[in-house]
Amino acid sequence: MSIELSEKAMKPNQYDFRNQVALVTGAASGMGWAAAKAFAEAGASVALADLRKDALDTAVLELQAAGHNVIGMHGDIADEAYVKSLVEQTVATFGRLDAAFNNAGIQSPALETADVTSEIFDRVTNINLRGVWLCMKYELAQMRTQGSGAIVNNSSLGGLVGVPGRAAYHAAKHGLVGLTKSAALEYAAQGIRVNAICPGIIETPMVADMLKAEAAVMEEMFRDVPIRRLGTAQEIADPVLWLCSPGSSFVVGVALPIDGGYTAR
């Protein structure tokens with residue numbers, strides 16, 4: 001798969017998040033890391049969350065070494081006590097919460113629906129849907145007291161279309177789009193905007209693993225990407241920051257495809 005990029009695609013856009021606070025889950029690698037770094041470089045104080053402590057510590061130290069104001073908290077977003085403490089510690093440290101990118105998620109193995117075990121289905125939905133709902137629950141409660149804020153949920157092109165062998169994953173990601181739209185309607189008049197992004201095939205560690213384990217399936221999907229290359233994590237981070245910025249102040253409840261044209265077919 002090709003990933004030849006234009007100079008513009010390799011450079012982050014410029015946003016101003018000075019005096020604002022952002023929270024990013026799944027922040028130690030891939031799209032979450034790109035977004036956390038972009039928020040920090042735009043001036044935000046950033047809380048990074050991830051299940052992998054060593055990777056999270058490395059990410060936090062890198063940003064701190066660059067002079068950014070960040071903290072890290074490792075844990076599983078399927079654990080409500082952890083999510084509650086994550087938001088509370090973010091606010092206790094930085095004083096508020098202005099932007100949240102609910103990015104943490106897992107992939108499901110490629111199996112026909114009849115072969116998916118209850119354990120696989122429950123794990124995927126507990127993280128990819130229930131876990132994001134938990135994050136939103138506590139983020140929204142804080143933003144409601146402030147009367148402002150922006151949330152971006154990471155769905156997937158799997159939240160917009162079906163793909164054979166991915167029923168559990170796509171069920172959760174479709175559900176996340178519905179969750180986003182309903183919450184957006186609840187909170188728009190309270191100064192809080194909720195949106196989702198739907199990334200396509202992005203160059204991340206998760207996709208790298210899928211390319212190794214399921215090369216034929218991934219090659220078939222890639223043939224349906226009109227732009228003829230993988231996306232980059234930076235090409236996800238930029239729309240996330242835009243959706244949290246004043247530039248998107250009239251954007252509410254969207255599920256934005258960022259997929260090189262995959263869902264435009």
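**Asking about the sheet and Ser-155**

Me: What makes you say that helix H4 lies across strands?
Reply: Helix H4 (residues 80–94) lies across E1, E2 and E3, and runs at about 165° to E3. Angles like this go from 0 to 180 degrees between N-to-C directions, with axes being lines fitted to C-alpha atoms, for helices over the stretch in contact. Helices (H or I, at least four residues) and strands (E, at least two) are DSSP runs, numbered from the N terminus. Keep in mind that this is a predicted model, where local features need pLDDT of at least 70 and side-chain atom pairs count only at pLDDT 80 or more, while totals for chains, interfaces and linings use all residues. Residues are numbered from 1 along each chain as its sequence is written, and side-chain values use heavy atoms, with hydrogens and water left out.

Me: How do you know that E1 and E2 pair?
Reply: Two strands pair if DSSP finds at least two bridges between them. Here 5 bridges join E1 (residues 21–25) to E2 (residues 45–50), so by that rule they pair.

Me: Why do E3 and E7 stand at the edges?
Reply: The open sheet has 7 strands in the order E3-E2-E1-E4-E5-E6-E7. E3 (70–74) and E7 (255–258) each have a single partner strand, so one side of each is left without a neighbour in the sheet.

Me: Why is Ser-155 called buried or exposed?
Reply: Buried means under 20% relative accessible area, exposed over 50%, partly exposed in between (1.4 Å probe, protein chains only). Ser-155 has 3% relative accessibility, so Ser-155 counts as buried. Its place is in the loop between strand E5 (149–154) and helix H6 (167–187).

Technical notes:
Contact means heavy atoms within 4.5 Å.
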